[in-house]
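User: I should like to understand how the terms used for a protein structure follow from its values. Please take me through the reasoning step by step.

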Amino acid sequence: MKTLLHICCGPCATYPVPRLREQGHEVHGYFYNPNIHPYQEFSRRQAGVEQLAKAINLPVIYYADYELEPFLREVVFREHQRCRFCYYLRLKQAAQIARHGKFDAFTTTLLVSPFQKHEQIREIGELVGEQMGVSFYYEDFRPGYPETIGRSKELGLYRQQYCGCIFSEKERYAPKRKGEVENREEKHRG
């Protein structure tokens, strides 16, 4: 099966790529992440994907533009639902690329993180897959999350400290009220 793997960052791809290959998938990566801010963070993550792709011989399609505006338009005044809009934006784009590239299916490295909302990802992936006429391949990659840490360190990949959006960056680094520190850090790392 020819499968397009939406990649959010290099570390998160270190488990799904070999896992999919073991199952017989012909894997191609796709880097499209308008949610990642600031631009320096976006560049670091893209460089990490490029580094991983070279190390494991993974063909990757890179979306050339840094699109801050579409992400912000989707989430402004709906910050509490930002993950849903973010997933939709990225998975819809991946489904479109999968359809145009004649892939059998598409999936995402977001499914490796225990900090992501898996049911939302699955629901949205299946919805946009149906809309675009390409299957969304769901697999719970979370059991491989600990491996992503070791593999990414072995490869010297940049490891981010927050999800990627400006809201998660604020939650990670802004001063916190007493009692929120542990909860916020665990909730948004990934």
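Analyst: This is a predicted model. A first case is C86, which is buried, with a relative accessible area of 7%.

User: Why is C86 called buried?

Analyst: The term buried means under 20% relative accessible area. C86 has 7%, so C86 is buried.

User: How do you know that C86 is not bonded to the closest cysteine sulfur?

Analyst: That sulfur belongs to C163 and is 6.2 Å from the sulfur of C86. A disulfide needs the two sulfur atoms within 2.5 Å, so this distance is too far for a bond. C163 is in no disulfide either: its nearest cysteine sulfur, that of C165, is 5.5 Å away. By this rule the count for the structure comes to zero disulfides.

User: What makes C163 partly exposed?

Analyst: Its relative accessibility is 25%. Partly exposed is the class between buried, under 20%, and exposed, over 50%, and therefore C163 belongs there.

User: What makes A105 a buried residue, and what is in contact with A105?

Analyst: A105 has a relative accessible area of 1%, which is under 20%, so A105 is buried. This residue is in strand β4, residues 105-108. Leaving aside neighbours within four places in sequence, A105 is in contact with M1, K2, T3, L4, A98, V134, S135 and Y137.

User: Why is H28 called buried, and what does its side chain contact?

Analyst: The relative accessible area of H28 is 19%; the limit is under 20%, so H28 is buried. H28 is found in strand β2, residues 26-31. Its side chain makes a polar contact with the side chain of E26, at 3.0 Å. Not counting residues up to four places away in sequence, H28 touches K2, T3, L4, L5, L58, P59 and F103.

User: Which residues touch the most other members of the largest nonpolar core?

Analyst: That core has 50 residues, and L58, F71, Y87, L91, F106, I121 and F136 touch the most other members. Helix α5, residues 82-100, gives the most to this core, with nine residues. For I121, contacts beyond four places in sequence include Y87, L91 and F136. As a general point, nonpolar side chains tend to be buried together in soluble globular proteins.

User: Why is the pair of F115 and Y145 called edge-to-face?

Analyst: The structure holds 11 aromatic pairs. In the pair of F115 and Y145, the ring centres are 6.0 Å apart and the planes are at 80°. The centres lie within 6.5 Å and the planes are over 60 degrees apart, so the pair is edge-to-face. The pair links distant parts of the chain, 30 residues apart: F115 is in the loop between β4 and α6, and Y145 is in helix α7. F115 is partly exposed, at 23% relative accessible area, whereas Y145 is buried, at 15%.

User: How do you know that Y162 and Y173 form an edge-to-face pair, and what does the pair tie together?

Analyst: Their ring centres are 6.0 Å apart and their planes are at 85°, so the same rule makes the pair edge-to-face. Y162 lies in the loop between α7 and α8 and Y173 in helix α8, so the pair ties together parts that are 11 residues apart in sequence. Y162 counts as buried at 4% relative accessibility, and Y173 counts as partly exposed at 45%. Elsewhere, ring pairs link F31, Y39, F42, Y62 and Y66 into a cluster.

User: How do you know that the charged end of K2 sits over the ring of F103?

Analyst: The charged end of K2 is 4.6 Å from the centre of that ring, and the distance limit is within 6 Å. The charged end of R78 likewise sits over the ring of F85, 4.0 Å from its centre.

User: What makes the phi of N57 and of K102 worth noting?

Analyst: Most residues other than glycine have a negative phi. N57 is not a glycine, yet has a positive phi of about 55°; K102, also not a glycine, has a positive phi of about 60°. N57 lies in the loop between α3 and β3, and K102 in the loop between α5 and β4. Exposed means over 50%, so N57 at 66% is exposed, and K102 at 69% is exposed too.

Terms used:
Residues are numbered from 1 along each chain as its sequence is written. This is a predicted model: local features need pLDDT of at least 70, side-chain atom pairs count only at pLDDT 80 or more; totals for chains, interfaces and linings use all residues. Side-chain values use heavy atoms; hydrogens and water are left out. A nonpolar core is a set of buried Ala, Val, Leu, Ile, Met, Phe, Trp, Tyr and Cys residues joined through side-chain atoms within 4.5 Å. Buried means under 20% relative accessible area, exposed over 50%, partly exposed in between (1.4 Å probe, protein chains only). Helices (H or I, at least four residues) and strands (E, at least two) are DSSP runs, numbered from the N terminus. Contact means heavy atoms within 4.5 Å. A polar contact is a pair of N or O atoms within 3.5 Å; within protein, one must be able to donate a hydrogen and the other to accept it, and residues adjacent in sequence count only if both atoms are side-chain atoms. Rings of Phe, Tyr and Trp (its six-membered ring) pair if their centres lie within 6.5 Å; planes under 30 degrees apart count as stacked, over 60 as edge-to-face and the rest as tilted. A charge sits over a ring if NZ of Lys or CZ of Arg is within 6 Å of the ring centre and within 35 degrees of the ring normal.
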